[in-house]
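Welcome! Here is a short briefing on two spots worth finding as you explore this structure.

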Amino acid sequence: MKIAIVGTGYVGLVSGACFAEVGADVTCIDIDNEKIERLKKGIIPIYEPGLDDLVKRNVSAGRLRFTTRLTDVLDEVEIVFCAVGTPPDEDGSADLRYVEEVARSFGQNINHYTLLVTKSTVPVGTSRIIRNIIRDELTKRGENIDFEVASNPEFLKEGAAIKDFMSPDRVIIGIESPRARKVMERLYRPFLLNNFRVIFMDIASAEMTKYAANAMLATRISFMNDIANLCDIVGADVNMVRKGIGTDARIGSKFLYPGCGYGGSCFPKDVKALINTGRINGYDMRVIEAVEEVNERQKTRLTDILREELDSLAGRRIALWGLAFKPETDDMRSAPSLVVIDRLKEAGATVIVYDPVAMDECRRRLGDKVEYATDMYAATVDADALVLLTEWKQFRLPSWPVIARSMKGNLVVDGRNIYEAADILEAGMRYRGIGLRAANE
C-alpha cells in the first residue's frame, strides 16, 4: 500500500518510519529542502530513542523515501496524511495555515480517488474547512474527482513514540463512509491482526478525542500539583496521598505525580486550543482554564522554594539538572526549565545547567544566558543549591556525599519528587520536594 505523509516533524517522521516498518510504501514530504536532504543521508532532525535505526533500515529496504513535493507521488498513493504543525496563535487557537496549504495542494493536484487523513492535532470542525478547500480547488480546475477526508489523531509519547505506535493503547479513526473505512482498515491491518483496539467513529468525535485525552491528562497533573502545594502548607505528605487515592480503581495511579508543571509540544498547546474552541462556540471551559492557570503557576513553584530557603537569590549560584520537559527527548518547548531560568536570572542568580540530551537545544534557545556544565557533577561545583527539573535515569541515584563536598551550599530542591529525603539529609544537606515538607520532619 502506497501512502504519503506531509510533514517530517515528530509526528510525521515517526509515523512514516513505523508504517514502513509494517510493510507500507511510504514517502515523507517536507518543504524544507535542507531537512529532506539530511534525512536522505540518514541524519534525523529530532531525538527519539530507536528512530535513527528505524529510518535507516526502511530507507535501505526501499520502503521509506523523502521528497519536497507532494506532486511527485500523488499519482501513485491511496492515502495522504497531513502531519504538519498547528502552532498556537496569540489567542491560543491552533494555527491552521499549514493544514490548509496541504489541502490546497491536494485539491490542485489529485487525479484519482484519494483519502486525505489529518494526523495533525486540529480543532473540531477542521475537516469541514479541509473539505471545502479541496472542493474549491477542484472547481477551479473544472474537475469532479472523488476524494474523502478522515481524521487519525496521534497519541505518541515523546521518548516512547515507536513503542506507542507499534503497540498502541488504541487507534482512533474518524471516517465518513464505508469506502474510507475499508482503505484505513487495509492500512491498519497489521495492528488489527495483533488485536490492538482500532476504534472507528465520526470525524468530529475523533478530532475532539485527541483534545479531550490530552486535557484529561493535563488535568490530573494540575490537580496533583494543587494537592501537593496544599500538602506543603498543612504538613501532609503528597506521596502518601498519591498512593492512597491511586489504589481506588475509579482513579488509578497514572499521571498522579506532582512536580514543577507540564510542558512540551502537546499539553500546553492543546489545552489552549480546547479553551479557545469552547470560547468561539460560546462555552467557557472552566475546568480546563483552571488546569492551565495552575500549571503556569506551578512552573514558578521551584523558585519560590529557593527564595524560602535562601532568602535572596541575588548572587547565588544555582545548578539545574534537566532542561527538556521530560526524559528521553531534547524538546524544550514550554518546558518548566525556561520559566525557572528566567526567574532566576531576573533575581540576579547565576545558573549552570546540565541535561544529557538537550544542551544543544538550550544553547540554540538561550545562548550564553546560562553556563553549561560538562556533566551532572560538574554542575554542582560551588553551587548554593541544586534543582532537579527532569527525571532522567542518570539523575536518580547520585552520590550525595560527593555532591555535598562539591557544593558551596547544601540545598537540594527536587522538582520531580524522585529522591528519598533521608539519603540527602544523611549527607548533611537540606531537602525540599513538592508537597513533601512533612517528609523532612
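Ala, Val, Leu, Ile, Met, Phe, Trp, Tyr, Cys and Pro count here as nonpolar, Asp, Glu, Lys and Arg as charged, and the others, Gly among them, as polar. Keep in mind that this is a predicted model. We begin with a cavity and then turn to helix H15, which spans residues 359-366.

**The cavity**

- The structure holds one cavity of 30 Å³ or more, and the volume of the largest cavity is about 30 Å³.
- Its lining is made up of Tyr262, Pro268, Val271, Lys272, Glu292, Asn295 and Glu296.
- Sorted by type, the lining residues of the largest cavity comprise three nonpolar, one polar and three charged.
- Two helices, H11 (267-280) and H12 (286-298), each contribute at least two residues to the lining of the largest cavity.

**Helix H15 and its two faces**

- Which residues of helix H15 are buried? They are Met359, Glu361, Cys362 and Leu366.
- Looking down the axis of H15, you would find these buried residues within an arc of 155°, so they line one face of the helix.
- As a general guide, an α-helix has 3.6 residues a turn, so residues three or four places apart point the same way.
- On the face of H15 turned away from the buried side, look for the exposed residues Asp360 and Arg364.

**Around helix H15**

- The buried residues of H15 pack against helix H14 (336-346), and also against strands E10 (350-354) and E11 (371-372).
- Just after H15 comes glycine 367, with a positive phi near 55°.

Technical notes:
Residues numbered from 1 in each chain as written. Predicted model: local features only at pLDDT ≥ 70, side-chain atom pairs only at ≥ 80, totals over all residues. Heavy atoms only, no water. 1 Å grid on protein atoms, 1.4 Å probe; cavity = no way out; pocket = protein on both sides within 12 Å on 5 of 7 lines; lining within 4 Å. Points joined across faces, edges and corners; volume = space filled by probe spheres on them. Helix = DSSP H or I, 4+ residues; strand = E, 2+ residues; numbered from the N terminus. Buried < 20%, exposed > 50% of the residue type's maximum accessible area, 1.4 Å probe, protein only. Arc of directions from axis to C-beta. Contact = heavy atoms within 4.5 Å.
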